[in-house]
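Biologist: Could you take me through one part of this model up close? I'm after the helix packing, and then whatever else is worth a look.

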Amino acid sequence: MEISRRTFLGSTAALSLFPTFGALATSPPGDVVGKVAVGYQGWFACAGDGAPINAWWHWSNVWEQPPSPSNNWINIWPDMREYSRGYPTAYAALGNGQPATLFSSYDQQAVDTHFSWMRQYGCDAAALQRFNPNGGEGATRDAVAARVRSSAEKYGVKFYIMYDVSGWTAMQSEIKADWTAKMSAHTASPMYARQNGKPVVCIWGFGFSDGNHPWDAGTCLDVINWFKGQGCYVIGGVPREWRVGGAGTRTGFLDTYHAFNMLSPWMVGAISNAGDSDNIYNSINIGDQADCNAHGIDYQPCVLPGEVHARQRAHGDFMWRQFYNMVRVGAQGIYISMFDEYGEGNQIAKSAENSAMLPTNSGMLALDEDGTPCSSDYYLRLTADGGRMLKGQIALTPTRPTPPVLGGGGDTQAPSVPSGLHVTAHSATSVALAWTAATDNVGVTGYRIFANGTQLGATASTSFTANGLTPSTAYSFTVTAQDAAGNSSPVSAAAGVTTDPGGNANLALNRPTAESSHTQGYGSGNAVDGDSGSYWESANNAFPQWLQVDLGGSTPISRVVLALPPSAAWGARTQTLSVSGSTDGSTFTTLVGSAGYTFDPNTGNTVTIPVPAGSRRYVRLTFTANTGWPAGQVSEFQVYA
């Protein structure tokens, strides 16, 4: 690779224009205008995680071998304390004695952890990076895209596809085919980002003057116009000198750049301190904003925390100066590079605070590299405050309001204790919970749920379903509330419950399934996997559709329980369906006639359908309508004796 987003660095040409402070947004507020988007790589895998790539993807230089001091690709170590699973590396133990493990983006829980942080710290949208998907990485990238969608829906964070075309030889035809055959299906998600009523797509890499981005202006314009013809709102990740010209950008591209709905010039490698940001503000950003305003284009400049190993961060001063400059220039949105870029050390996701959280033989730096202690979530907290300044929720200020370590100033008031925690439903392996919202002087951003003192998950809503529990077991659940500054409330009063006996087990769990159709990666197996965050979705606009489970033998049954993901993003909807049964899989008898069933996230997003007593091997649901989306949708299809 000759030039990538990681290495790109060219010259800038000075241009003096009067500031256009307070410029009106070309587009009204939406999912990217007036919002903070974060670049999400999602490209980490570990040997043994089940991913098709079966390698230490992006953790080490030689992916077939575990990361070690001599086989390393990253520049900072992630804070692993909130991941339920870590994969052992060949590094020595951390300074605190804990094993040196890493997460996999193929694990749903890891992606859930990231999206719970996004929700908690005000990251409005995640731009999922998608490189050429037609090689050996493609199957893993497709799977990660499905996991991103699931997490986005679970935590109420918008997401969109961001194609990075670097090194993609047959890009012009293959990017269209990939969108048509695969990625466009994700726009069916209620959390897929839309702007001006259109699904958002970003294309990064047009106009860079190197062999890795060889296309002429006409080729690039064709791709932009094709996506616009598909009804998309198209963002361009372009060279920072797109308007003024320079060594990093091709000539003759101005009309191509002006074809985008939004422009997001790249800044990594261009600036490394607050003074650089001021220089770019005067020579680049002011003129960019004026040009975008004149051409009806939204402006989404890049803000970066700085590379840890290059000692650029200055305990947050570098990043905050960029926020200040981009808000005062009148930008319509902000793009953070990046959320999880541990390779460059340019990430905002939780990272090693000090040497105690680094492998003792790594030679890496931690967030305290300049001698100032920083909490692992510090750059997430900075992002939250930057977003509030963009939205006018706090005043424009050149002084960062967020201290590197909580307790040293800024918002130190914790939310109130969540009250009224209670159990709304339970089975042999799951418990549904609800509680009354906490309050905070700035605002509650999320809740953490604990069972017997161990954290199970996090949510931005006031309900949660704990899955994968043990039958006939007593559990004590508690909840804490968090705000964007990282303050946590005291633990709530406990809600106790004993799960149902194993004899009342879900007969459909992990049983074989069949279907009339499904969209993208949302196959019928998702409905019986015990995970309320995954789901089956039929082909769109093609009712009737059906979903079926094979119980393995003729079995007495008495009720069917259906669920949708419990996230508030899955707004209330009514699905019209019938239930039928069969002993041979070919002749079905109607058990419950067609009726409308309302799924409401405020009550757990579940419905229970009693069925006449009798033995059946196959149970089938037939869907004919859905007020929330034109398809059949089920996250959990449960059958009980």
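Biologist: Which hand does the crossing of helix 7 and helix 8 have?

Modeller: Right-handed, where the near helix is turned clockwise from the far one by less than a right angle (anticlockwise would be left-handed). Before going on, keep in mind that this is a predicted model: local features need pLDDT of at least 70 and side-chain atom pairs pLDDT 80 or more, while totals for chains, interfaces and linings use all residues. Residues count from 1 along each chain as its sequence is written, and side-chain values use heavy atoms, with hydrogens and water left out.

Back to that crossing. The axes of helix 7 and helix 8 (residues 378–390) come within 10 Å and cross at roughly 15°. That makes the two helices roughly parallel, a label for angles under 35 degrees, with over 145 roughly antiparallel, 65 to 115 roughly perpendicular and the rest oblique. Axes here are lines fitted to C-alpha atoms over the stretch in contact, with angles from 0 to 180 degrees between N-to-C directions. Helices are DSSP runs of H or I with at least four residues, strands are runs of E with at least two, and both are numbered from the N terminus.

Who touches whom? From helix 7, Met319, Trp320, Phe323, Tyr324 and Val327 meet a set in helix 8 that includes Tyr379, Leu382 and Met389; contact means heavy atoms within 4.5 Å. Tyr379 also has a charge for company: the charged end of Arg313 sits over its ring, 4.4 Å from the centre. For that label, NZ of Lys or CZ of Arg has to be within 6 Å of the ring centre and within 35 degrees of the ring normal.

Helix 7 (residues 317–329) also packs with helix 6 (residues 274–294), at an angle of about 20° and with the axes 10 Å apart. So that pair is roughly parallel too, and helix 6 passes helix 7 in a right-handed crossing. Asp278 sits in helix 6; leaving aside neighbours within four places in sequence, Asp278 is in contact with Arg321, Asn325 and Arg328. Among the other helix 6 residues that meet helix 7 are Tyr281, Ile286 and Gln289.

Now the loops around helix 7. Arg311, in the loop between strand 11 (302–303) and helix 7, has a positive phi near 55° although it isn't glycine. At 48% relative accessibility, Arg311 counts as partly exposed, the class between buried (under 20% relative accessible area) and exposed (over 50%), using a 1.4 Å probe and protein chains only. In the loop between strand 12 (334–336) and helix 8 you'll find Met338, and the peptide bond from Ser337 to Met338 is cis, with omega near -5°.

Further off, there are rings to look at. The structure holds 31 aromatic pairs; rings of Phe, Tyr and Trp (its six-membered ring) pair if their centres lie within 6.5 Å, with planes under 30 degrees apart called stacked, over 60 edge-to-face and the rest tilted. Tyr83 and Trp117 are an edge-to-face pair, 6.0 Å centre to centre with 75° between the planes. Both Tyr83 and Trp117 are buried, and ring pairs link them with Phe44, Trp59, Phe103 and Tyr342 into a cluster.
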